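Work through the exercises below with the model at hand, and compare each solution with what you find.

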Amino acid sequence: MKTSSTHVLRLLRWMLPSALAVISFFAMAQPGALPRITLQAGMQLIHAEVASTPGDRETGLMFRRELSGNHGMLFIFERDQPVCMWMKNTLIPLSVAFIDNQGGITNIADMQPQTLDSHCANQNVRFALEMPLGWFAKRGIKPGFKLRGQPFGTAPAH
């Protein structure tokens, strides 16, 4: 008996750190781990998680299996800069709007899951908003459209 319990303890010591690392990784990739903000696109309210650190921006919506309705992710960069997005380890198709400091959409790109294709802003921007694929098109939101919300210096209308 001593031998089998020793093997079990060794196995647990070996497995426990790995199991905790996997649990922590998936917990970080779950919705709710990031701050949330409400933005407005015309009559639509957008409920966006905010990715404002390099690590949060790099992870983005990776490993998510769904993104429903008016939910998305707003990427905030430190300054106006060239911005490109990709879909590494992202399981759901997305549309991304690149946004200037005043909330104006400069361009929109549709992105397919699990690709390394670059989708870039056509000018320097400070924000990018990822939504479910086709979200912007279904609502008639095109380049030049202005979003409202605290990051752009405007409040959503109530």
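**Exercise 1.** Determine whether Glu49 and Arg64 are buried or exposed, and state how their side chains meet.

Solution. Both Glu49 and Arg64 are buried, where buried means under 20% relative accessible area, exposed over 50% and partly exposed in between, with a 1.4 Å probe and protein chains only. Their side chains meet in a salt bridge with an N to O distance of 2.9 Å, the criterion being a side-chain nitrogen of Lys or Arg within 4 Å of a carboxyl oxygen of Asp or Glu. Because Glu49 lies in strand β2 and Arg64 in the loop between α2 (54-59) and β3, the pair ties together parts that are 15 residues apart in sequence. Helices (H or I, at least four residues) and strands (E, at least two) are DSSP runs numbered from the N terminus.

This is a predicted model, in which local features need pLDDT of at least 70 and side-chain atom pairs count only at pLDDT 80 or more, while totals for chains, interfaces and linings use all residues. Residues are numbered from 1 along each chain as its sequence is written, and side-chain values use heavy atoms, leaving out hydrogens and water.

**Exercise 2.** Establish which strands pair with β2, and in which direction they run.

Solution. Two strands pair if DSSP finds at least two bridges between them. Strand β1 (residues 36-41) runs antiparallel to β2 (residues 44-51), joined by six bridges, and Leu39 stands opposite Ile46 in β2. On the other hand, β2 and strand β3 (residues 71-81) run parallel, with five bridges, and Val50 has Leu74 in β3 as its bridge partner.
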